[in-house]
Amino acid sequence: MNYSTEEILRIEQKWQKHWEDQKVFRARVDPEKEKYYCLEMFPYPSGKIHMGHVRNYTIADVLARYKLMRGFNVIHPMGYDAFGQPAENAAIKRNVDPGEWTYGCIDQMRTELKRMGFSYDWDRELATCDEEYYKWNQWIFLKMHEKGLAYKKASAVNWCPSCETTLANEEVINEQCWRCKTEVVQKDLDQWYLKITEYCQALLEDLDTLSNWPARVVTMQKNWIGKSYGVDMRFSVKGFDEEIIVFTTRPDTIFGATYVVLAPEHPLVSRLVSGTPQEAGVKEFIARVSNVSKTLRVSGEKEKQGMFLGCHAINPVNGEEVPIWIADYVLMDYGTGAIMAVPTHDQRDFLFAKEHDLPMRIVIQDPQHPQQTVAQMQEAYVAQGQLVNSGPFDGINNQEAIQKIGQWMQEQGTGTISVHWRLRDWLISRQRYWGTPIPFIYCDACGTVPVPEDQLPVKLPSNIKITGEGGSPLNHCPEFLNVACPSCGKPAKRETDTMATFFDSSWYFLRYCSAREDARIFNPEEVAYWMRVDQYIGGIEHAILHLLYSRFFTKFFKTLGLLDFDEPFDKLLTQGMVLKDGEVMSKSRGNTVDPDDVIARYGADSLRLCILFAAPPEDQLEWNDGAVDGSWKFLNRVWTLVHTRYIFVEDEHVNAEDLGPESVAMERIRNFTIKKVTEDIESCKFNTAISSLMILLNHIDKYGVDADDADRQVILNRSIRAMVLLLAPFVPHMCEELWKVMEGRQELPLERQALSIARLTWPRYDERALKQDTVLVVAQVNGKLRAKFDMDADSPEDKVKEIVLQDPKIQQYVAGKEIRKFIYIKNKLVNIVV
């Protein structure tokens, strides 16, 4: 039978229906079995899946199917991160309801995911835009408010005056609104925050427990949390009863501080310039800077702008008057909103001082250029050295001086040793429609009032007009906006902000454990069984915020007594991007490959195998149209093998001691392949696992069997069965069909046939069969192959050396020459360096 496109599609549809009808992958709590929770970061439902989805979800599916065959109780759910701006944009563009658009995309995406044969428990499917889901978002928010973790304050946002709406940073392009091209300004709005900073220490410390996370992800999280030890220094302002607090991690450079810079938003600025000649210019500067995004202000792409305030601060260690400036590169969000500038030892300060002709002083001596002057400096000196021009600390190494000067300043009362964090509280307000409504009501009599829990969910109104203009659409919906105060019953107004979608994705993995729970956010008993997530898989682009927020929510739930663990994810795998022509696949670049087109020609199994074989999962993958054809050809060979060479023979009578050398070798490669594929899947080395299966197939093809040789047929059958079972997690549809073919040739009654190959036992290997009496050792001279030797396995090095050096072929290259090295890799390789 030919493994044709028509046959492939027939088989895949057949088995997808079988898995769904028989609930093969339905997960249920079973205390007698060890659980395995396999999870991919759920997708935004854009409708069609792309190759990035295919790669991510195929990796997870292999692990889930493999663990199922290893006897684990596997939960492998799927859902949709369904709120967000794209649905509103689609609503504006197509004049459709965001909900209608989103659920249509979900239906399409579900169909495409099923076509790939993924082993999801569809009974646990959820979407964050479901009222049954976002009700619990609101419940979480109220609990956080009760604990003092949710609060409201004024903060600056990107604002489009034309559309009258806020914009995310990525919606600001060249300082203009992406939709109408109006220049974007910064505007202060009262917005909701979550006090994630309450958990700074726990979020940082518990990173040390995540030994199964990529080191770079842990480092990225540590840097984002950003614990810094330093000194809060007090600069008094000459002529004012004011003080500027500057936090620095570099107190060793304080004697070189020649000016102070405040953020334009610093509350002290207006007081310092009030009634002065600088006031009008400073106000104009602040207005201009307010129209620039914070990202651009701190980037290295833009020349830094600043302005002198006309007043001076007093350096607390030497009493020098230093000018006070404002500059766009200092933000109120970081540190204290003020910095001491040491231009000789900070490159950003150096460039700013050069641009504005500000004073400089060297305080760390470059040991390579001890006589260097400020005038000779081409850049800041940022390495170690001895202090100079630093009063009593001259001659001390600057690293040593960090602690000594900090301690000295604390004793003098001019500074305080302190800890600062880079992490800031989480702004979750969005002035949009398509998100979870924040459950608060504003009453003139009672103030800000939480919505009672028995009135949840606060539902989004349907059939609302989305224009992208005039602020939040909820402000223009009277039936949503106007409400009775739950405390006094008087007319009141609902909060019209909705939650950032990161809120939705910060706990969905817990909801999967009991996705149909009505009365509680989740069933604690089921969560206690299934959690933590054993393997989490997603893109490196989520290495900071999503993972950080999920960790924060988990710790919060523990404080509520709902969980007994601190971290949600045990192992983390961040898969690489899929590229085409050296660039990430993108519609705008015109370099996308539609998975549907590949499936229509080769089937889902060939696509799955191709995308796993092309590169290790952490690496970027360069798409090659020819590679999927190669995968199909390999599967065609396996298909043909089973149909033409598998003949059922009872194998209980075959004695290993009676096997000939070819059969012993075939058994060895079978057992070795089982061992190698098992180890490779456990360590997510899918490409090398598939390579081992290709090698096994080559050995099987070379293993001949005469029609009357039952023993050799038994050995062949063992290898064929192993091949199909080992391939099953990678290419499940074909392997299901081939297993049915083999069961048919065994003439098993229906009640003894497997429900699914995924429910069969993973093959085991016999260590005894892996042992070899002889091995092939290749010999190189200066890295070039010169001879091959059949030797006793595990031969000692001195014996190997004697045999190799006496060989005539080797003698041609070593005779009369000094042997500098004799390198022996046991049972594999000799390399002689002459």
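Helix α1 (residues 5-21) packs against helix α18 (residues 595-602) with the axes 7 Å apart and an angle of about 110° between them. The axes here are lines fitted to C-alpha atoms, over the stretch in contact for helices, and angles run from 0 to 180 degrees between N-to-C directions. Helices and strands are DSSP runs numbered from the N terminus (H or I with at least four residues for a helix, E with at least two for a strand).

A quick word on ground rules: this is a predicted model, so local features need pLDDT of at least 70 and side-chain atom pairs count only at pLDDT 80 or more, while totals for chains, interfaces and linings use all residues. Residues are numbered from 1 along each chain as its sequence is written, and side-chain values use heavy atoms, with hydrogens and water left out.

**The helix pair**

That angle makes α1 and α18 roughly perpendicular to each other; the cut-offs are under 35 degrees for roughly parallel, over 145 for roughly antiparallel, 65 to 115 for roughly perpendicular, and oblique for the rest. On the α1 side, Thr5, Ile8, Leu9 and Glu12 do the touching, and they meet Ile599, Ala600, Arg601 and Tyr602 of α18. Contact means heavy atoms within 4.5 Å. By class, the contact of α1 with α18 holds five nonpolar residues, one polar and two charged. In this scheme Ala, Val, Leu, Ile, Met, Phe, Trp, Tyr, Cys and Pro are nonpolar, Asp, Glu, Lys and Arg are charged, and the others, Gly among them, are polar.

**Sheets and a hairpin**

Now for the strands, where two of them pair if DSSP finds at least two bridges between them. One open sheet has four strands in the order β2-β1-β26-β27, with parallel pairing. At its edges sit β2 (73-75) and β27 (569-575), each pairing on one side only. Neighbouring strands of this sheet are turned by 20° against each other on average, direction ignored. Further in, β1 (residues 35-40) and β26 (residues 533-539) run parallel and share three bridges, and Cys38 stands opposite Gln535 in β26.

Another open sheet, also of four strands, goes β32-β31-β34-β33 and has mixed pairing. Its edge strands are β32 (784-792) and β33 (821-825), each with a single partner strand, so one side of each has no neighbour in the sheet. The twist from one strand to the next averages 20°. Five bridges tie β33 to β34 (residues 829-833) in the antiparallel sense, and Ile823 has Asn831 of β34 as its bridge partner.

Then there's β21 (residues 440-443), which runs antiparallel to β22 (residues 447-450) and is joined to β22 by four bridges. The two make a hairpin with three residues between them, and Ile441 is bridged to Val449 in β22. β21 also pairs antiparallel with β24 (residues 491-494), over two bridges, where Tyr442 stands opposite Lys493.

**Empty space**

On a 1 Å grid over the protein atoms alone, a cavity is a set of points where a 1.4 Å probe fits but cannot get out, and a pocket is an open set with protein on both sides within 12 Å along at least five of seven lines; lining residues have an atom within 4 Å of a point. Grid points are joined across faces, edges and corners, and a volume is the space filled by probe spheres set on the points.

How many cavities of 30 Å³ or more does the structure hold? There are two, and here they are:

| Cavity | Volume | Lining residues |
|---|---|---|
| Largest | About 70 Å³ | Gln85, Glu88, Ile92, Thr165, Arg179, Gln431, Arg432, Gly468, Gly471, Pro473 |
| Second largest | About 40 Å³ | Trp15, Glu736, Trp739, Lys740, Glu743, Ala754, Leu755, Ser756, Ile757 |

Helix α3 (residues 85-94) supplies the largest share of the largest cavity's lining, three residues. That lining has two nonpolar, five polar and three charged residues. For the second largest cavity, helix α24 (residues 732-746) gives the most, four residues, and the lining divides into five nonpolar, one polar and three charged.

The second largest pocket encloses about 790 Å³ of space. It is lined by 27 residues, and the closest to its centre are Phe247, Thr248, Thr249, Ile339 and Arg348. The elements giving two or more residues to this lining are β11 (243-248), β15 (338-341), α11 (347-356) and β18 (415-421). By class, the lining of the second largest pocket has twelve nonpolar, nine polar and six charged residues.
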